[in-house]
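Student: Could you take me through one part of this structure slowly? I would like to see how that part sits within the whole.

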Amino acid sequence: MSVHDEVPATSMGRPGGDGRFGEYGGRFVPESLVPACVELADAFESAWSDPAFRARLDGLLGSYAGRPTPVTECLRLSRRLGVRVLLKREDLAHTGSHKINNVLGQALLAERMGKRRLVAETGAGQHGVASATAAALLGLECVVYMGAVDVQRQALNVFRMELLGAEVRTVRSGSRTLKDAVNDALRDWVASVETTHYCLGSVMGPHPYPYMVRQFQRVVGEEAREQCRVLLGGDDPDVVVACVGGGSNAAGTFAGFVDTRAELVGVEAAGGAALGNGLPGVVHGMRSLFLQDEAGQILEAHSISAGLDYPGIGPEHAHLAAIGRARYHAVGDSEVLDAFRLLAETEGIIPALEAAHAVAWLVRAAGSGELTPGTTVLLTMSGRGDKDVQQVKEMLG
Ligand SMILES: *Cc1c(COP(=O)(O)O)cnc(C)c1O
């Protein structure tokens, strides 16, 4: 038995009491929200262990969202990089990313709890569009909070949400971006909890969100593991890599491989690297790592992809890093633009700028010899790049 056969230290199972992942996670909310979080945690556990709920969700993931998404072997990119690259194609899911997996789960859960109204926060607009989509499908009311700055930057997504029947509420407090939209969505939830479910977009916030969202996304990793075994003759990939904003596509991917010998790698934007540069703190209901100044003020994150502009990271990632089961790297905007073009030219796949971060790390690690030739890498292509083409055109001049 080689060292590679050892079973790693976590199974990404249920978190500890009150949603603890080691020293991270938890449920830090005003007294008035505790019953809602408890009700949600109980409802999720009951739904997740109910075969009828799971069958309904799996049915929608198949017939509506387009699952299973394929794993694509990248022959030309592999030849270029000297490592064997497989892509898990969340870009082919309905609405263009992995976000649909989470929102379908939460919308079904809201319905099961008898709540006919969803509130959601959004930065780039992608989670708002996904939430509005799930609400339209199930006939639920949907209100999306979005910072005034983002409303202006993402006018087309605002129109998409309106087309889907959602109401977009502009948030004018604070820096008028994502973190302020989260605050307003939480405030709405406190005031309307009898009728409303807060459909949170990533593996963050108070318990049970980080755990629940990871469970709704683990379909990505579980499918990929089976698909890799078929492609690799029963083997697992050596390295599994995904981009990290809040961390939901990475958490879902890692959950499928955490008990294998695969190395797990998360890739952050250099300007939003909460794992690289963050400090422990309690924000948005959870203890995790956040970009902050010396006074503990939360800083703005910056990257070319709005979907990675969150100044924190999901608590389970902070824990996976702390115990050494996953490692996290940051890549800069220019590497990301190069990777965006490289994947388009070599494979005919235009990636979301978020997913291009994972590709950028792969290019760097293959080029530096960090990945030995012949290494097999599974990379989660979290979304498609149609939404980013205009922006990239302007940046490339
Ligand atoms: C929203 C988004 C992300 C970032 O969110 P995670 O929770 O970190 O997965 C990454 N890629 C795409 C395509 C997205 O839309």
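**A close look, from domains to one helix**

Tutor: Happy to! The chain is divided into domain 1 (21-63 + 99-209) and domain 2 (71-96 + 218-396), with bounds that come from an automatic or database domain assignment. Where the two meet, the contact (heavy atoms within 4.5 Å) takes 27 residues from domain 1 and 32 residues from domain 2. The centres of domain 1 and domain 2, taken over C-alpha atoms, are separated by 23 Å.

A word on the ground rules. This is a predicted model, in which local features need pLDDT of at least 70 and side-chain atom pairs count only at pLDDT 80 or more, while totals for chains, interfaces and linings use all residues. Residues are numbered from 1 along each chain as its sequence is written, and side-chain values use heavy atoms, with hydrogens and water left out.

Now for the helix. Helices here are DSSP runs of H or I with at least four residues, strands are E runs of at least two, and both are numbered from the N terminus. The chain has 15 helices and 14 strands. Let us pick helix α12, which covers residues 315-322. Of its 8 residues, 6 are buried, where buried means under 20% relative accessible area, exposed means over 50%, and partly exposed lies in between (1.4 Å probe, protein chains only). Those buried residues are Pro 315, Glu 316, His 317, Ala 318, His 319 and Leu 320. Just after α12 comes Gly 324, with a positive phi of about 80 degrees.

For another spot, try Ser 32, in the loop between β2 (24-25) and α1 (34-48). Ser 32 has a relative accessible area of 45%, so it counts as partly exposed. Its C-alpha atom is 9.1 Å from that of Ala 191, although the two residues are 159 residues apart along the chain.

Finally, step back to the whole chain. Of its 397 residues, 61% count as buried. Among contacts with a separation of 6 or more, 73% join residues 24 or more positions apart. The C-alpha atoms fill a box of roughly 55 × 50 × 50 Å along the principal axes. The radius of gyration is 20 Å, which agrees with the value near 21 Å for a compact globule of 397 residues; this radius is taken over C-alpha atoms, and the globule rule is 2.2 Å times the number of residues to the power 0.38.
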